[in-house]
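Visitor: I would like a quick tour of this model. Could we take it in questions and answers?

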Amino acid sequence: MAKDTSAPLIQARNLTKRFDEAEVVRGIDFAIPRGVCFGFLGPNGAGKTTTLRMLMGISPISAGELSIFGLRMPEAGREIRARMGVVPQIDNLDPDFTVAENLRIYGSYFGLAASILDQRIPDLLAFVELKEKADVRIGKLSGGMLRRLTIARALVNDPELIVLDEPTTGLDPQVRHAIWGRMRELLRRGKTLLLTTHYMDEAERLCDRLVILDHGRILADGAPSELIQRHIETEVVEFRGDLPEGLIPRLEQLPDCRLEPVGDMLYCYTRDARAVIDGISDERQEITFLHRRGNLEDLFLKLTGRELRN
């Protein structure tokens, strides 16, 4: 029977999760097409991890419907997980084995024959640039190598869907960019990626679509560029340090200037940055400011707030 490639790979309707009396995920709806990178963004406690756990069949669904590959979760959980790869937040590789042995043992959990693994493991190690480390034990690898090996392990069963839970947290810029390149290559191969991240630049660069979650509800859903255009001003002027007396009242008089003070910073969100900069022309030598475009982080903070979360 031919696969229906027009249907969403993942479909959630009124997806809900309760822990005792607390409703952590509150009846959310989303659809994830095939062959895209789809992001889940939100502050701590927003419901991202709980949603992922339901998608992976780890946490029971309290209410609603969830289908993946056209199969219902949790009824078809085993079959769904066999077609899924997972990159967890924390590397949980086996330190007693070498790089290649970790992949071989993990592949055996999917019932893959030794002959298949003999071909697949070198290809996977080449993909993550670890081929020369095949016989090295885990304890000898750097943090970036461990992360790349964890990605290779998630691919050992040739999954259709790859879940990446904060895949680049704590890594240096070179490793982050290398992993982004591998993710883009997976997309070119027709894989579907499900990404959670606290790095807004990562989400903006990689995600075709995303949802922003907070307090268990979806606040926004769409392509990053569309969401920025819809919810945030196009330009931002950041002021820092001591500002001349009377500057803020003058800025408040401008027709298109939304001010947001944060500590010793003042953010002016606008669609006409030239008018803002012209308005401080007499005092530019006294003021430290930065003019930039509005971005996903601005949108995220506008929707979820700036207060610290535990």
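The exchange below covers sheets, a disulfide, backbone details and helix packing in this predicted model.

Visitor: In what order do the strands of the sheet with edge strands 12 and 14 lie?
Guide: This is an open sheet of four strands, paired antiparallel. Strand 12 (258–262) and strand 14 (288–293) each have a single partner strand, so one side of each is left without a neighbour in the sheet. Neighbouring strands are turned by 20° against each other on average, direction ignored. The order is 12-13-11-14.

Visitor: Which residues are the bridge partners of V236 in strand 13 and strand 14?
Guide: Strand 11 (residues 235–240) runs antiparallel to strand 13 (residues 265–270), with six bridges between them. Strand 11 also pairs with strand 14 in the antiparallel sense, over six bridges. For V236, the partner in strand 13 is Y269, and the partner in strand 14 is R292.

Visitor: What is the bridge partner of F239 in strand 13?
Guide: Strands 11 and 13 are joined by six bridges and run antiparallel. In strand 13, F239 is matched with L266.

Visitor: Which strands are at the edges of the sheet with the order 2-1-4-5?
Guide: This open sheet has four strands, and the pairing is antiparallel. An edge strand here pairs on one side only. The edge strands are strand 2 (22–32) and strand 5 (71–72).

Visitor: Which residue of strand 4 is the bridge partner of Q11?
Guide: Strand 1 (residues 10–19) and strand 4 (residues 63–68) run antiparallel. Five bridges join them. The partner of Q11 is S67.

Visitor: Which cysteines form a disulfide?
Guide: The cut-off for a disulfide is sulfur atoms within 2.5 Å. By this rule the count is one disulfide. The sulfur atoms of the pair are 2.4 Å apart. The cysteines are C257 and C268.

Visitor: What does this disulfide tie together?
Guide: A disulfide is a covalent bond between the sulfur atoms of two cysteines. C257 lies in the loop between helix 9 (247–252) and strand 12, while C268 lies in strand 13. The pair therefore ties together parts that are separated in sequence by 11 residues.

Visitor: Which residues does the cis peptide bond join?
Guide: Look in the loop between strand 5 and helix 2 (77–82), where P74 lies. Omega is about 15° at this bond. The bond joins M73 and P74.

Visitor: Where is E129, and what is its phi?
Guide: E129 sits in the loop between helix 4 (114–127) and helix 5 (143–154). E129 is not a glycine, yet its phi is positive. The value is about 60°.

Visitor: Why are helix 8 and helix 11 called oblique?
Guide: Two packed helices are described by the angle between their axes and the distance between the axes. Helix 8 (residues 224–231) and helix 11 (residues 296–304) have axes 9 Å apart and pack at about 55°. Angles from 35 to 65 degrees fall outside the parallel and perpendicular ranges, so they count as oblique. Helix 8 and helix 11 are therefore oblique.

Visitor: Which residues make the contact of helix 8 with helix 11?
Guide: Helix 8 passes helix 11 in a left-handed crossing. By class, the contact has five nonpolar, one polar and one charged residues. Helix 8 gives L227, I228 and H231, and helix 11 gives L296, L299, K302 and L303.

Visitor: How do the residues of the contact of helix 3 with helix 4 divide by class?
Guide: The axes of helix 3 (residues 99–108) and helix 4 come within 10 Å and cross at roughly 135°. The crossing is right-handed. Among the residues that meet are V99, A100 and L103 in helix 3 and L117, I121 and L124 in helix 4. The split is eight nonpolar, two polar and two charged.

Visitor: Is helix 3 roughly parallel or oblique to helix 5?
Guide: Their axes come within 9 Å and cross at roughly 30°. Angles under 35 degrees count as roughly parallel. That makes helix 3 roughly parallel to helix 5.

Visitor: Which residues of helix 3 and helix 5 meet?
Guide: Helix 3 passes helix 5 in a right-handed crossing. The contact holds five nonpolar residues, no polar and one charged. V99, L103 and Y106 in helix 3 meet L149, A152 and R153 in helix 5.

Note on methods
Residues are numbered from 1 along each chain as its sequence is written. This is a predicted model: local features need pLDDT of at least 70, side-chain atom pairs count only at pLDDT 80 or more; totals for chains, interfaces and linings use all residues. Side-chain values use heavy atoms; hydrogens and water are left out. Two strands pair if DSSP finds at least two bridges between them. Helices (H or I, at least four residues) and strands (E, at least two) are DSSP runs, numbered from the N terminus. Axes are lines fitted to C-alpha atoms, for helices over the stretch in contact, and angles run from 0 to 180 degrees between N-to-C directions. Angles under 35 degrees count as roughly parallel, over 145 as roughly antiparallel, 65 to 115 as roughly perpendicular and the rest as oblique. A crossing is left-handed if the near helix is turned anticlockwise from the far one by less than a right angle, and right-handed if clockwise. Contact means heavy atoms within 4.5 Å. Ala, Val, Leu, Ile, Met, Phe, Trp, Tyr, Cys and Pro count as nonpolar, Asp, Glu, Lys and Arg as charged, and the others, Gly among them, as polar.
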